[in-house]
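Subject: Structure handover

Hello,

Here is the structure I promised to pass on to you. Have a look through it first, and then read my notes below.

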Amino acid sequence: MRSRSAPWVLLAPFLVVFIGTMIVPIVMAIGYSFSSVERSGLLGEGGLTNSFAGFENYVKALSNANFVESIGRMVLFGIVQVTVMIVAATVLALLLETANAKWPGFFRATYFLPYGIPGVIATILWSFLYIPGLSPIVDVLGWVGLEIDFLGPNMVLWSIANIVTWTYTGYNMLIIIAQLKAIPGELYEAAKIDGASGFKVAMAIQLPLIRPALMLTIIFSIIGTLQLFAEPRLMQTMSAGITSEYTPNMSAYAFAFQYNDVGMAAAQAVIIAVSAFLLSAVALGISSWTEKRR
Amino acid sequence: MKPRLTRRTALAGSGAAMVGGLAACAPPNPGNVNAEAVIPPTDGPVTLSYWAWLKDLQKVADIFNQKQDRIRVETTWIPGGNSGGYAKILSAVAADGGPDIAQVELRQVPEFALAGALTELNRYDFAAQADAYDPGALSQVKVGEDYWAVPQDTGPVATFYNREVLEGELGLRPPATWQEFRETAGTVSEAGKNLITLDPSDGSYLISWIMQSGAVWFRTEGDGWIVDMTGDASMRVAEFWDEILAAKIIGTGYGAFSTPWMAAAGEGDVLASIGGSWADALVQSVPDAEGKWAVAPMPTWPDGYASGAHGGSAAAVLSTSKHPVEALEFLTWMCTDPEGIDAMIEYSGIGWSPAKDYIGETRQEPSEFFSGQNYNEEVILPMAEDQNLDWTWAPLMQRAAAIVGDGMTTAVSGEVPLVDMLPQTQTKIVQIMRDMGLDAEEAR
């Protein structure tokens with residue numbers, strides 16, 4: 001009997017915090033997303049009542065052009081940024097793990113270094129490299145006749161993508177390297193005996209065997225893309241191209257704390273969470289489907 | 001055998017808890033303090049808390065604290081408005097806590113009232129002291145006949161410009177009318193510089209220019225709102241800026257006082273900013289600008305007002321305050337007594353004074369930075385005196401400003417001109433107000 005209650009007693013401190021800071025807010029957010037407010041008087045001074053709204057907030061969120069646009073923007077961002085980053089991380093990892101790589105430890109640490117810099121600091125740092133008049137990069141591009149407005153409405157999304165890629169490529173590279181290290185040496189020996197080139201080894205042995213690591217980094221990156229908030233929110237003050245509903249998360253923030261529409265904000269947050277769940281499930285599904293077909 | 005907690009029963013249990021939780025929770029609703037009885041003054045000492053993003057506000061409060069021993073004011077610094085301050089205030093009020101007084105931007109006051117976060121001040125006889133305030137400041141905290149906050153600093157719009165480059169180098173004068181503005185902006189643009197630059201996503205500039213033109217976007221009628229964004233006064237401003245944007249004679253990459261603006265202004269590539277009077281302090285951080293910049297009135301229309309209002313903030317008594325009478329007593333001292341105004345200017349660097357007849361002692365002297373110009377008395381004072389007093393802020397200005405900002409952004413790329421944006425925005429805003437549970441209709 002005692003052994004049966006022991007795990008619960010030991011778990012209790014964790015459960016209290018977990019329920020208080022994770023489960024309750026989630027339940028409340030879902031609750032808010034189904035409610036709407038009715039007011040009487042110019043500013044609601046005549047009284048206000050909360051009522052059950054059904055899926056009204058969800059319908060409004062999905063028919064709000066700004067929110068839909070922000071989702072589109074995020075999807076575009078994800079497709080380009082995640083692809084570029086994963087390819088870069090894989091190439092870096094493979095290069096660092098080749099037998100004749102020089103100082104692999106030093107370069108591994110160097111590539112990983114940006115991950116140690118908080119996103120907010122990274123954004124401030126990069127934005128100084130984007131601002132015309134302050135940035136040496138803009139100056140140098142100007143000398144060779146390239147006028148690039150990094151903070152312009154069409155460009156700023158890719159300026160943000162650059163910051164995110166810079167921050168996380170090394171981190172993803174490290175996950176892939178960890179899996180590469182787990183490949184047994186006999187496979188390389190066998191390949192060597194068969195006369196396989198370095199390129200052939202990478203394509204036929206390393207890439208197939210690091211699939212789980214790639215899958216993991218891709219799912220992390222998809223979730224990271226859905227959470228896009230700090231970088232655009234910070235750059236908002238510097239770029240005219242970033243509106244207050246630029247990404248879905250910024251939109252939820254704006255509705256909650258600027259437009260004072262908690263129901264709508266909660267509905268948007270739930271949509272973001274469900275999308276993250278679905279996208280991860282789809283990514284895993286594709287992965288296991290291709291696995292089975294091989 | 002005792003029933004064991006299996007995974008299935010745990011799941012079913014948490015599912016039931018979830019459904020119960022869903023039924024029980026509704027968004028925070030701070031109650032209806034303005035329908036309840038007024039709170040009488042407290043006997044004995046009272047401690048008031050005051051959340052604001054003004055710097056060194058405690059030094060201002062300390063002067064008041066030393067004058068008498070009944071009320072003690074303690075201030076806490078919070079991040080400015082949208083940078084997190086509002087979220088903090090509203091969350092605190094929703095949890096039935098929070099300070100007695102909070103700083104809220106003027107245009108944001110009705111939105112806070114709508115959230116149930118404010119105490120209506122007429123219930124504590126604020127109207128009796130209304131004469132002590134600058135009418136332009138007071139009109140911004142008023143909705144219908146109700147006063148929702150005490151104005152604390154305002155921003156009558158004026159032109160801040162680089163005299164050395166505009167007058168000295170280019171031989172131009174700061175534009176006195178909008179007609180002249182177009183010509184001046186064109187000439188400056190030909191010289192490879194910008195007269196002003198705009199962050200099109202910041203709707204507040206366009207709104208202050210439309211306010212100056214004489215428009216009243218939001219009127220109250222009984223318990224309802226009339227939204228009128230397409231009157232002549234609004235449309236002439238829209239047409240004017242459509243032409244300016246099409247001609248590409250001003251910069252649209254970044255807004256005034258942003259980091260890139262500071263760099264460009266320091267180089268003499270951006271020559272002016274037309275905005276709230278609080279800009280004087282910001283202009284002083286333009287690199288190497290001492291003695292080169294000056295202040296001129298806002299460009300005008302043949303009819304309309306001398307100036308518009310841009311920015312500024314109020315001190316609001318929150319609906320959770322237990323001491324509204326004492327809070328009002330302190331705020332009356334801070335915002336109308338010369339001692340309070342001077343302290344706010346000296347320590348907190350506020351914008352224009354909210355008091356009727358007192359602009360502050362230091363503001364009656366010439367400024368060394370602005371090349372010896374006595375700009376406060378000569379320029380800003382007339383701007384503060386001729387304001388559009390009919391203008392009323394609506395309880396969705398964040399949203400409205402964002403929509404106007406989005407509209408400006410599409411206007412810059414030439415997709416939807418402002419003359420089409422305003423009617424679309426009017427329809428949209430009426431719909432949003434109705435969704436918020438308010439009674440609203442478009443002006444006919």
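**Chain B as a whole**

Chain B has 444 residues, and a compact globule of that length would have a radius of gyration near 22 Å; the value for chain B is 24 Å, so the two agree. Please keep in mind as you read that this is a predicted model.

Along its principal axes, the C-alpha trace of chain B spans about 95 × 55 × 45 Å. Its secondary structure comes to 16 helices and 12 strands. Of the 444 residues, 56% count as buried. If you take the contacts in chain B between residues at least 6 apart in sequence, 76% of them join residues at least 24 apart.

On the outside, chain B has an accessible surface of about 17,600 Å², and carbon and sulfur atoms account for 50% of that. As for charge, there are 28 positive and 60 negative side chains in chain B, with 11 Å between the centres of the two sets.

**A covered strand**

Strand E10 (293–296) of chain B is a good place to zoom in. What covers E10(B), and on which faces? Both faces are covered: Trp293(B) and Val295(B) are buried on one side, while Ala294(B) and Ala296(B) are buried on the other. This follows a familiar pattern, because side chains in a regular strand alternate between the two faces of the sheet.

Which strand pairs with E10(B)? Its partner is strand E6 (residues 150–162) of chain B, and the two run in the antiparallel sense over 4 bridges. To find the pairing on your screen, look for Phe160(B), which stands opposite Val295(B) in E10(B).

**Two loop residues with positive phi**

Leading up to E10(B) is a loop that starts after helix H11 (279–283), and Asp288(B) lies in it. Phi of Asp288(B) is near 60°, a positive value in a residue other than glycine. Is Asp288(B) buried or exposed? Its relative accessibility is 64%, so Asp288(B) counts as exposed, the cut-off for that being over 50%.

Lys248(B) also has a positive phi without being a glycine, with a value near 50°. You will find Lys248(B) in the loop between helix H9 (232–247) and helix H10 (259–266) of chain B. Lys248(B) counts as exposed because its relative accessibility is 60%.

Enjoy exploring, and do write back with any questions.

Best wishes

Terms used. Residues are numbered from 1 along each chain as its sequence is written. Chains are lettered from A and ligands numbered from 1 in the order in which they are written. This is a predicted model: local features need pLDDT of at least 70, side-chain atom pairs count only at pLDDT 80 or more; totals for chains, interfaces and linings use all residues. Side-chain values use heavy atoms; hydrogens and water are left out. The radius of gyration is taken over C-alpha atoms; the globule rule is 2.2 Å times the number of residues to the power 0.38. Buried means under 20% relative accessible area, exposed over 50%, partly exposed in between (1.4 Å probe, protein chains only). Contact means heavy atoms within 4.5 Å. Accessible areas come from the Shrake-Rupley method with a 1.4 Å probe; for residues, only the protein chains shown count as cover. Lys and Arg count as positive and Asp and Glu as negative; His and the chain ends are not counted. The place of a charge is taken as NZ of Lys, CZ of Arg, CG of Asp or CD of Glu. Two strands pair if DSSP finds at least two bridges between them.
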